[in-house]
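Reader: Hey, got a minute to walk me through this model? I'd like to get a feel for the fold and the side-chain pairs.

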Amino acid sequence: MKGKVVISGSSKLLTEVAYWKKHFEDKGYEVINYPHAEDENLKEGYKKYFEDIKNCDIFFLMNERKGTIEGYIGASVFAELTYAVMTNIVENKNIKILMLDMPSMILFCYDEIVRWLDMGFVSFFKGEDL
C-alpha cells in the first residue's frame with residue numbers, strides 16, 4: 001500500500017466518487033473515506049470523516065463540475081479542506097492536499113483557496129504518481 005487517501009467532494013457526484021476511488025485503489029492506495037449518500041447519523045459520519053482526514057497521507061479534493069458550476073466546492077467540502085490545511089499547520093502533519101480543478105470564481109471560498117494555492121498549502125492534482 002502506498003498510503004491512505006481521503007476523497008472530498010459533493011456527495012451528489014457519486015459516479016465521479018466511484019471513478020476516483022477506483023483510480024487511487026488501482027494505483028495501490030487505500031481509500032479510507034470518501035463522499036457517501038447522507039446517512040442517518042450525521043454526527044458520527046462527520047466525526048469519522050474528520051478523524052480520517054487527520055490520519056490520511058493524501059487529501060484529494062474532487063471538485064468536479066456540479067450543475068453549471070465548474071470546480072464546485074460547497075460549504076462542507078470547504079470545511080474539510082480547511083481542516084486538512086489547519087491540521088498540517090497546527091499539528092505539523094504532512095498531509096498532501098491535492099485539488100482536481102481551479103474553483104469557480106463565484107464560490108464563497110475562492111479567494112481563500114487561491115491564497116492557499118499561492119502559499120503552497122494546496123496543490124493541483126496532475127495525475128502523476130504520488
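Reader: Let's start with Lys 22 and Asp 26: which helix do they lie in, and how many residues apart are they?
Author: Both sit in helix 1, four residues apart, or about one turn of the helix. Keep in mind that this is a predicted model.

Reader: What do their side chains form?
Author: A salt bridge: the side chains of Lys 22 and Asp 26 meet at 2.6 Å, N to O.

Reader: Why does that spacing suit a pair on a helix?
Author: An α-helix has 3.6 residues a turn, so residues three or four places apart point the same way.

Reader: And Lys 22, is that buried or exposed?
Author: Somewhere in between. Lys 22 is partly exposed, at 48% relative accessible area, while Asp 26 is exposed, at 56%.

Reader: How many salt bridges does the structure hold?
Author: Six. One of them joins Glu 25 and Lys 21, again with 2.6 Å from N to O. Those two are four residues apart in helix 1, which covers residues 14-26, so about one helical turn separates them. Glu 25 counts as partly exposed, with 36% relative accessibility.

Reader: Which residue does Glu 70 form a salt bridge with?
Author: Arg 65. The closest N and O atoms of that pair are 2.0 Å apart. Glu 70 is partly exposed at 44% relative accessible area, and Arg 65 is partly exposed too, at 41%.

Reader: Switching topic: how many disulfides are there?
Author: Zero. Cys 56 is in no disulfide, and the nearest cysteine sulfur, that of Cys 109, is 19 Å away. Cys 109 is in no disulfide either, its nearest cysteine sulfur being that of Cys 56, at 19 Å.

Reader: Why is that pair ruled out?
Author: Because a disulfide needs the two cysteine sulfur atoms within 2.5 Å, and here the sulfur of Cys 109 is 19 Å from that of Cys 56.

Reader: Is Cys 56 buried or exposed?
Author: Cys 56 counts as buried, at 6% relative accessibility. Cys 109 counts as buried as well, at 1%.

Reader: OK, helix 2 now. Which residues are buried there?
Author: Tyr 49, Asp 52 and Ile 53. They cover an arc of only 105° around the axis, so they are on the same side of helix 2.

Reader: What do the buried residues of helix 2 pack against?
Author: Three strands and a helix, namely strand 1 (4-8), strand 2 (30-33), strand 3 (58-61) and helix 3 (75-90).

Reader: How far apart are the end C-alpha atoms of helix 2?
Author: They are 18 Å apart. Helix 2 has 13 residues (42-54), which at 1.5 Å a residue should span 18 Å, so the two agree.

Reader: Zooming out, what order do the elements of the chain run in?
Author: From the N terminus on, β-α-β-α-β-α-β-α-β. That comes to four helices and five strands.

Reader: What's the radius of gyration of the chain?
Author: It is 14 Å, which agrees with the value near 14 Å for a compact globule of 130 residues. The C-alpha trace spans about 35 × 35 × 30 Å along its principal axes.

Reader: What percentage of the residues count as buried?
Author: 41% of the 130.

Reader: And what share of the contacts comes from residues 24 or more positions apart?
Author: Counting contacts with a separation of 6 or more, residues 24 or more positions apart account for 74%.

How values were computed: Residues numbered from 1 in each chain as written. Predicted model: local features only at pLDDT ≥ 70, side-chain atom pairs only at ≥ 80, totals over all residues. Heavy atoms only, no water. Buried < 20%, exposed > 50% of the residue type's maximum accessible area, 1.4 Å probe, protein only. Salt bridge = Lys/Arg side-chain N within 4 Å of Asp/Glu carboxyl O. Expected span 1.5 Å × (residues − 1). Arc of directions from axis to C-beta. Contact = heavy atoms within 4.5 Å. Rg over C-alpha atoms; globule rule 2.2 N^0.38 Å.
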